[in-house]
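I opened this model to look up two things: what surrounds the ligand, and how the nonpolar core is put together. My notes follow.

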Amino acid sequence: MTEPVTIRPLSYADLPQVLSIERRAFPTPWSLAMFVLELSKPSGICLAAMLDRRLAGYVVCSRYDTVWHLMNVAVDVTRRREGVASALLGALFDRADRPGERYTLEVRRSNAGAISLYEGFGFRGAGYRRGYYHDNREDALIMWRTVAVQAADRADPEAERSARDDRAPA
Ligand SMILES: CC(C)(COP(=O)(O)OP(=O)(O)OC[C@H]1O[C@@H](n2cnc3c(N)ncnc32)[C@H](O)[C@@H]1OP(=O)(O)O)[C@@H](O)C(=O)NCCC(=O)NCCS
């Protein structure tokens with residue numbers, strides 16, 4: 001019987017399984033060194049999704065300056081449309097969301113499934129990087145998500161300032 005998805009921090013020991021998922025998920029997969037680098041960053045959030053005691057997917061998110069960059073998310077090709085990516089993104093936002101917090105990502109413009117996933121979490125398209133992907137010169141859609149600032153938070157000058165600065169770059 002399938003158990004619910006559980007989410008935990010991604011570890012170096014997961015990387016062989018991560019690479020196996022990664023190589024089936026992307027035409028230009030990340031190398032081992034790229035995952036090691038991301039895991040070594042203290043400010044990043046890297047999560048693993050476990051399903052039936054096996055690694056079913058992962059998310060890698062890094063913080064640069066004031067913005068979270070969703071760097072990588074992938075799910076085992078045999079475990080898609082079971083809510084694994086949604087569980088990963090939900091857990092990421094549970095950990096990182098603060099009023100006015102901003103996230104960005106790039107996604108192939110043809111990747112309708114991923115775009116739909118991101119839109120479901122409040123990401124919105126904000127323009128294209130032309131020919132961004134080296135393998136086929138495909139455009140990247142740039143997406144942004146901003147955590148709302150509630151009325152109660154506006155009493156906090158720092159939250160109010162970040163809400164005012166909340167402009168997705170062109
Ligand atoms: C994109 C990806 C991470 C989605 O993972 P997943 O675990 O299957 O996603 P979920 O089951 O949580 O889907 C949540 C919602 O996203 C949307 N969605 C996900 N995959 C979709 C697809 N192939 N087509 C259309 N909508 C899709 C749907 O709205 C879905 O809800 P529903 O199943 O109730 O209709 C997975 O397909 C994948 O690993 N793809 C290859 C790697 C990739 O493209 N990563 C993103 C790079 S930017």
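I looked first at the shell around the ligand: helix H4 (112-120) gives the largest share, six residues. Helices and strands here are DSSP runs (H or I, at least four residues; E, at least two), numbered from the N terminus. The model is predicted, so I note that local features need pLDDT of at least 70 and side-chain atom pairs pLDDT 80 or more, while totals for chains, interfaces and linings use all residues. Residues are numbered from 1 along each chain as its sequence is written.

I found 20 residues around the ligand, the closest being Arg80, Ala85, Ser86, Gly113 and Leu117; near means a C-beta atom, placed from the backbone, within 6 Å. E4 and H3 also supply at least two residues each.

Where does the ligand lie relative to domain 1 (1-96) and domain 2 (102-170)? Both domains give residues to the shell, so the ligand lies between them. The bounds come from an automatic or database domain assignment.

I then turned to the largest nonpolar core, with 39 residues. Such a core is a set of buried Ala, Val, Leu, Ile, Met, Phe, Trp, Tyr and Cys residues joined through C-beta atoms within 7 Å; buried means 20 or more other C-beta atoms within 10 Å of the residue's own, placed from the backbone. Leu47, Ala49, Tyr58, Val59, Val84 and Leu88 touch the most other members. H3 (84-96) gives the most to this core, with seven residues. Each domain contributes at least three.

Key
A residue is buried if 20 or more other C-beta atoms lie within 10 Å of its own, exposed if 12 or fewer, and partly exposed in between; C-beta atoms are placed from the backbone.
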